[in-house]
Amino acid sequence: MSAQDQDNVVRMPSTTNDLPDKQFNTSDLPQGASSPPSCILYSTDRVALVDIPTSIADAQQNSFFDSTSSLISCAPLKTPYPNHEPKSEAARDKLRQKMATENDDIYADMIASSLATVREEYTGPWCLPRTTINSQSEPTVPQKRKADDPLSDAESARDDLLHQLSSGPIQPYTFRWRELDDQQSRGSEPLPETSLWPKYLYNMSDVARILEIGSTSMSTPARFYVPPRASFYLGDCSSSRPFHMAVRDIAGQLDTPRQFDVIIMDPPWPNASVRRTEKSGRSAYQVSPTVWDVRQLIFEMDIDVLLANEGVIAIWITNKPAVRDLVLGEDGLFESWDVQLEEEWLWIKTTSEGEPVSSLNALWRKPYEILLVGRKRDPRRSDQHVRLTDSSKVERRVIIGVPDLHSRKPCLEALFSRFAINATSTSTKQRILECFARYLVGGWWSWGNQVLKFNHTDCWQSKS
């Protein structure tokens with residue numbers, strides 16, 4: 001660690017007796033902030049150790065809610081995944097030609113250095129205690145969901161409901177709001193028949209509320225936590241026109257801009273293992289068949305219309321060269337949107353002991369994912385029309401986190417604030433949109449056919 005980074009790291013006393021001291025870099029804290037978010041366990045200017053379930057819980061932005069419920073997660077991984085890399089050098093060479101990129105060695109060296117820094121400077125846990133479905137289950141490797149697991153049936157029912165609501169329900173669904181502390185009449189009153197499901201809603205309250213959704217075929221309504229000032233559109237991202245109309249409608253009601261200062265997306269990149277589970281009907285999420293299908297999907301979303309000039313866009317990508325080229329290559333997404341790449345974030349997945357879940361030099365299963373962060377040029381500024389071709393000029397940061405539920409990534413809210421990833425905006429409150437979202441964030445817009453998935457009350461457990 002450099003002397004400058006050492007100066008920027010401070011140790012903060014823990015607020016509970018069972019957790020070690022936290023360490024946090026305060027050099028870039030937002031003005032007026034008095035303490036770091038609880039999800040960031042350690043940080044310098046370029047490295048952050050984040051607890052993933054807590055990052056999502058923190059993003060709900062409601063002290064009453066945070067103090068009474070915790071997000072259900074899975075037991076943290078204790079040992080790395082088994083090594084399934086090719087054994088022969090010939091097979092490795094063949095895979096290297098298909099999967100390797102010019103940045104692999106740079107990424108591996110940077111991640112190794114970052115992990116060494118954390119081990120040297122940080123004495124606390126690599127993840128916080130988790131609320132799990134089965135407190136006795138502490139697997140050493142990820143366990144696939146069994147077909148006869150009753151929890152699978154509950155999750156399947158929730159996903160079926162979201163599918164119905166997002167694809168044009170074949171029966172009328174109704175909804176109403178409830179306050180979090182409304183304990184007396186939960187589920188005891190029929191939902192008002194006149195409040196038909198509108199697909200998009202906005203919680204105008206400064207506190208989290210409960211959204212109840214029901215129909216005549218449901219014995220009890222489904223209940224979802226909705227964070228304060230959160231807006232969402234529950235619909236497929238392939239149908240962009242209705243979403244744009246929803247943004248225009250709520251912007252008109254609130255007298256806010258129709259464009260966003262920050263857009264985040266985790267596209268459904270092709271994944272062979274997920275497609276195999278889709279065939280069995282047990283897949284946790286949907287993916288597109290090919291990279292070309294994802295390209296068509298994203299272009300049809302009209303992101304360039306939604307992103308403000310000098311706005312920031314962040315896209316999660318896989319480690320396949322074709323995926324990276326789709327975003328950064330000639331005629332790729334960034335070039336088409338007139339977006340300049342500014343930063344790369346490497347999310348390194350570790351065990352609870354701080355070891356990468358697979359070798360940093362692995363070819364088949366790399367232990368990290370990449371977030372590309374770019375900024376849309378303002379056509380009124382001639383000094384911005386310079387294409388960055390030297391990758392060494394791109395700022396790189398490392399995010400360390402013990403994996404959560406399959407495919408559930410760290411919430412970027414606290415990390416964006418921590419690393420001062422801000423769009424140039426005249427407004428005091430930035431407008432942020434997350435596409436392909438699967439949970440809500442206080443004050444953000446969320447768009448996708450699973451935006452309420454992890455806000456269902458069954459995904460949270462009372463602390464009492």
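**Notebook: Ser73, two sheets and a helix**

I began with Ser73 and located this residue in strand 5. I note at the outset that the model is predicted.

**Entry 1: Ser73 and its surroundings**

I asked whether Ser73 is buried or exposed. The relative accessible area of Ser73 is 3%; the cut-off for a buried residue is under 20%, and Ser73 is therefore counted as buried.

I then looked up what Ser73 touches, leaving aside residues up to four places away in sequence. The list comprises Pro53, Arg130, Thr131, Thr132, Ile133, Asp404, Leu405 and Arg408. For Asp404 I also recorded a polar contact, side chain to side chain, at 2.3 Å from Ser73. Thr132 has a further role, as the bridge partner of Ser73 in strand 6.

**Entry 2: The sheet that holds strand 5**

Which strands form the sheet around strand 5? I found an open sheet of 3 strands, ordered 6-5-19, with mixed pairing. Strand 6 (131-132) and strand 19 (460-462) are the edge strands, and each of them pairs on one side only. Strand 5, residues 69-73, runs parallel to strand 6, and 2 bridges join them.

**Entry 3: The chain as a whole**

I next stepped back to the entire protein chain. I recorded 13 helices and 19 strands. The chain has 464 residues, of which 51% count as buried. Its accessible surface comes to about 22400 Å², and carbon and sulfur atoms hold 49% of that. Among contacts with a separation of 6 or more, 73% link residues 24 or more positions apart.

**Entry 4: The sheet of 11 strands**

I traced another open sheet, made of 11 strands in the order 3-4-16-14-15-13-12-17-18-11-8, with mixed pairing. Strand 3 (40-43) and strand 8 (200-202) each have a single partner strand, so one side of each lacks a neighbour in the sheet. From one strand to the next, the twist averages 15 degrees.

Within this sheet I examined strand 12 (residues 260-265) and strand 17 (residues 432-435), which pair in the parallel sense over 4 bridges. Met265 has Cys435 of strand 17 as its bridge partner.

**Entry 5: Strand 15**

How many residues of strand 15 are buried? I found 9 of 9 buried in this strand, which spans residues 368-376. In a regular strand the side chains alternate between the two faces of the sheet. I therefore checked each face of strand 15 separately, and both are covered. On one side stand Tyr368, Ile370, Leu372, Gly374 and Lys376; on the other stand Glu369, Leu371, Val373 and Arg375.

I also looked up the partners of strand 15. Strand 13 (residues 307-317) runs antiparallel to strand 15 and is joined to it by 6 bridges; Ile313 stands opposite Gly374. Strand 14 (residues 339-349) pairs with strand 15 over 9 bridges, also in the antiparallel sense. There, Ile348 has Tyr368 as its bridge partner.

**Entry 6: Helix 11**

Lastly I turned to helix 11 (residues 321-328), where Val323, Arg324, Leu326 and Val327 are buried. Why do they lie on the same side of helix 11? They cover an arc of only 155 degrees around the axis, and this places them on the same side. I then listed what these buried residues pack against: helix 5 (104-121), helix 9 (291-300), strand 13, helix 12 (333-337), strand 14 and strand 15.

Terms used:
Residues are numbered from 1 along each chain as its sequence is written. This is a predicted model: local features need pLDDT of at least 70, side-chain atom pairs count only at pLDDT 80 or more; totals for chains, interfaces and linings use all residues. Side-chain values use heavy atoms; hydrogens and water are left out. Two strands pair if DSSP finds at least two bridges between them. Buried means under 20% relative accessible area, exposed over 50%, partly exposed in between (1.4 Å probe, protein chains only). A polar contact is a pair of N or O atoms within 3.5 Å; within protein, one must be able to donate a hydrogen and the other to accept it, and residues adjacent in sequence count only if both atoms are side-chain atoms. Contact means heavy atoms within 4.5 Å. Accessible areas come from the Shrake-Rupley method with a 1.4 Å probe; for residues, only the protein chains shown count as cover. The arc is that of the directions from the helix axis to the C-beta atoms. Axes are lines fitted to C-alpha atoms, for helices over the stretch in contact, and angles run from 0 to 180 degrees between N-to-C directions.
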